[in-house]
Each structure stands twice: as structure tokens, then as C-alpha cells.
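Open the model in your viewer and keep the selection tool ready. Each stop below says what to select and what is there.

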Amino acid sequence: GSTIDDAAGEAFDKVARYLGLGYPGGPAIDRTAPDGDPEAIAFPRSMIDEGYDFSFSGLKTSVVNYVRKNPEVSTADVAASFQAAVVDVLVAKTLRAAEELDASTIGLGGGVAANPRLRTQMATEGEKAGRRVLAPSRAMCTDNAAMVAAAGW
């Protein structure tokens, strides 16, 4: 699958910026989400059961709309609930693709692969499904755009 609009990393960046957490968004959400409840807000899991493509623009919009309507909401709860929604979609679609392709191993890469919740949930669910999950050290999980720019340079 591929992204239809915002990639996961872009969604992290945009939501973190909107919440005033800074840039890059992945580490900012990582620092904030552990203090929140990932089930506090039922953000949508866009296209979770549809094919393998990803769409995170609607999730980003849901976060913005929710915070505008509920300005007193805990930033940590928003961050944790947003992160849970992204991770749920990434894990579900990846495991479904691995099942269809009969892949014995799943490899994580890119900046979002540093996300602790993604790493944990992918490893746990992958193991349940009989799949080995490989991920580089967090220090080696760099933004794909940065890797492309470095290669181009």
C-alpha cells in the first residue's frame, strides 16, 4: 500500500505542530503520549479494513476539530489517542498484507519506525500471527525524506 494523502510521519508532524508540541512531531508525540490515555478519544481508524493504502488526513482533521470543540482537553490524551489510531491502522494493514503474501518476516523502516507504541504493538501482534518483526535501533530510524535527500546529495 501507499499513502493517499498525508503519510504517517507527516500526520505526526502536523498534529504535534497543531498541539504546540514542536517539530519533528514523532518525538514530540512520543514524549507526550505516555502521560495520556490512548482510549480517551475515539479518533477514526481511516480505511483500516480497506485495501492496503493509507490515509491520515482525515485523522489529522479529526484531531483539529476535536480540540477546537473541546479546548480544555488534555494534550496528553489527544496525543495518546492520535498515536493509537495511527498505530492501529499501520499494524492492521501490515499484518493483513503479510498474511496475504505469506511473509514470515515484517521489517519496519523510516522515521515512524522509532515510535515505541508501533514497535511494541507490531512485535506483539506479529508474534501472535506467527511473523517475525525486525526493526532497526531507534537511532537508525530516520525520516525517509531525509534519507532520499542524503542519497540525492
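Contact here means heavy atoms within 4.5 Å. The model is predicted.

**Stop one: Lys-60.** Select Lys-60, in helix α3, residues 57-69. Is it buried or exposed? Lys-60 counts as buried, because its relative accessibility is 18% and the cut-off for buried is under 20%. Now show its surroundings. Setting aside neighbours within four places in sequence, Lys-60 is in contact with Asp-6, Lys-14 and Val-15. With Asp-6 there is a polar contact, side chain to side chain, at 3.1 Å.

**Stop two: helix α1.** Select residues 8-18. Val-15, one of the contacts of Lys-60, is buried here. So are Ala-8, Ala-11, Phe-12, Asp-13 and Ala-16. Add α2 (25-32), α3 and α4 (75-101): the buried residues of α1 pack against them. Then step just past α1 to Gly-20, where phi is positive, about 75°.

**Stop three: helix α5.** Start at Asn-115, which caps the N-terminal end of α5. One of its side-chain oxygens lies 3.0 Å from the backbone nitrogen of Arg-117. Next, select residues 116-128. At 1.5 Å a residue, these 13 residues should span 18 Å, and the end C-alpha atoms are 18 Å apart, so the two agree.

Which residues of α5 are buried? Leu-118, Gln-121, Met-122 and Gly-126. Look down the axis: the buried residues fall within an arc of 125°, so they line one face of the helix. Their cover includes α4, β1 (105-107) and β2 (132-134). Turn to the other side of α5 for Thr-120, Glu-127 and Lys-128, which are exposed. Finish at Gly-130, which follows α5 and has a positive phi near 75°.

Note on methods:
Residues numbered from 1 in each chain as written. Predicted model: local features only at pLDDT ≥ 70, side-chain atom pairs only at ≥ 80, totals over all residues. Heavy atoms only, no water. Helix = DSSP H or I, 4+ residues; strand = E, 2+ residues; numbered from the N terminus. Buried < 20%, exposed > 50% of the residue type's maximum accessible area, 1.4 Å probe, protein only. Polar contact = N/O pair within 3.5 Å; in protein donor to acceptor, adjacent residues only side chain to side chain. Expected span 1.5 Å × (residues − 1). Arc of directions from axis to C-beta.
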